[in-house]
Amino acid sequence: MNRLSVRLIVSHLAVALMGTIVTLIVVRLLAPTLFDQEMMHSGGQGHGMGQGGGTGNGSGAGIALRQQFAAAVDQALLVGALVGIVVATALGIFVAYRLVRPLRDLRAATREMARGRFDVPVTVPRINEFADLADDVNSLGRQLTQTEARRVRLLGELAHEMRTPLTVIDGYVEGMIDGVLPTTAVELGQVGEESRRLRRLSDDLSALSRAEEGRIDISLREVDLTDVTRAATERVRAQFDDADVRLAVDVGEPLRSGADADRIAQVITNLLGNALRATPPGGTVSVRTRRDREAAVVEVTDTGEGIAPEDLERVFERFYRVPGRRGDANDSGSGIGLTIARGIARAHGGDLTASSPGRGQGATFTLRLPMDGRIPSH
């Protein structure tokens, strides 16, 4: 009884039986009365001029005829009920097959997905509700396929990020053991630098994990986002001067919000570093703060290489790098800074978005935080 097909067939039988019972009751109650009325009407017209002694014989014949009529009705109802049950059973089996078949296809597809095959297509049935469900399963399969591809790419890129510092450390250590390289502060400093690079990668991966799981630790207090932005830009101004990139800061009215000043400074510093790497010498990076209704906004705009429309969301994916961007060969970043930055923004109840007119036309990253500093429940 727990199978859908059995329940559908039983439901059809129940409907047929209930219809038969109701029909039987109604017919048995109404048919004799209607028959008597019809006989009285017919007798009144056909025998009104006859002798009174014929009434008793007519009455006995009427009773017998009434009983024969009732028996005929019962037989007809019984035959109709049996035919109705057979037809209802046949229709129930047909409808159950038509309904259960797409469910079996969906079940088979989800089982294949559970085994790791996410590209199994599901045939879209004609029934609208099942068609919507099949579309959702197909969409889920595509999303899982993309997620698996990103997972594989993540492992490859993580291995690549670790390979360079490990190779350098291994080379220096072997050289020192073999006596080819002296064990001086310079060589040990190189080993220490690569070790710190691995530590930074480990810290970034830990921060990435917390960001994607919504577990970023933030300490809220009332801060002025304008002051935080001004301090972050001043800390990196020397890097812009060395790169011959103009840093224009336009901070206006105080924007007080409940936020973690260190975390927000981390986001702004990351945006400034990305803008610097994307902007050639002679270019400009502009930082502006403003109020947008109930939100505090920080915009970092550069005149650099820009972002293609299809990459505006992908730049926030972990380890994703825009194809052909400047400084890829010598960029020592882990490639997950924007992922962490967006996680920090969303942990504050805000968001971090990117916009660009296109490649070669610069880009703008917009940090938006609620002025009241409330954190959404997870």
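**A walk through the chain**

Of this chain's 378 residues, 34% count as buried. Keep in mind as you look around that this is a predicted model. The accessible surface of the chain adds up to about 22600 Å², and carbon and sulfur atoms own 57% of that.

Now for the fold itself. There are seven helices and seven strands in the chain. Start at the N terminus and follow the elements along, and you'll read α-α-α-α-β-α-β-β-α-β-β-α-β-β. As for who touches whom, take the contacts with a separation of 6 or more: 72% of them are between residues 24 or more positions apart.

Next, find helix 2, which covers residues 54-114 and is home to Val83. Val83 belongs to a nonpolar surface patch, together with Val79, Val87 and Leu91. Between them, these four residues have about 340 Å² of accessible area. How does Val83 count, given its 48% relative accessibility? It's partly exposed, because that class lies between the 20% limit for buried and the 50% limit for exposed.

For a patch of another kind, move on to helix 3, residues 128-178, where you'll find Asp132. Here Asp132 joins Glu129, Asp135 and Asp136 in a negative patch on the surface. Asp132 has a relative accessibility of 48%, so this residue counts as partly exposed.

Conventions. Residues numbered from 1 in each chain as written. Predicted model: local features only at pLDDT ≥ 70, side-chain atom pairs only at ≥ 80, totals over all residues. Heavy atoms only, no water. Patch = residues over 30% accessible without salt bridge, like charges linked within 9 Å, V, L, I, M, F, W, Y side chains within 5 Å. Areas by Shrake-Rupley, 256 points an atom, 1.4 Å probe, with all protein chains shown as cover. Salt bridge = Lys/Arg side-chain N within 4 Å of Asp/Glu carboxyl O. Lys, Arg positive; Asp, Glu negative; His and termini not counted. Charge placed at Lys NZ, Arg CZ, Asp CG, Glu CD. Helix = DSSP H or I, 4+ residues; strand = E, 2+ residues; numbered from the N terminus. Buried < 20%, exposed > 50% of the residue type's maximum accessible area, 1.4 Å probe, protein only. Contact = heavy atoms within 4.5 Å.
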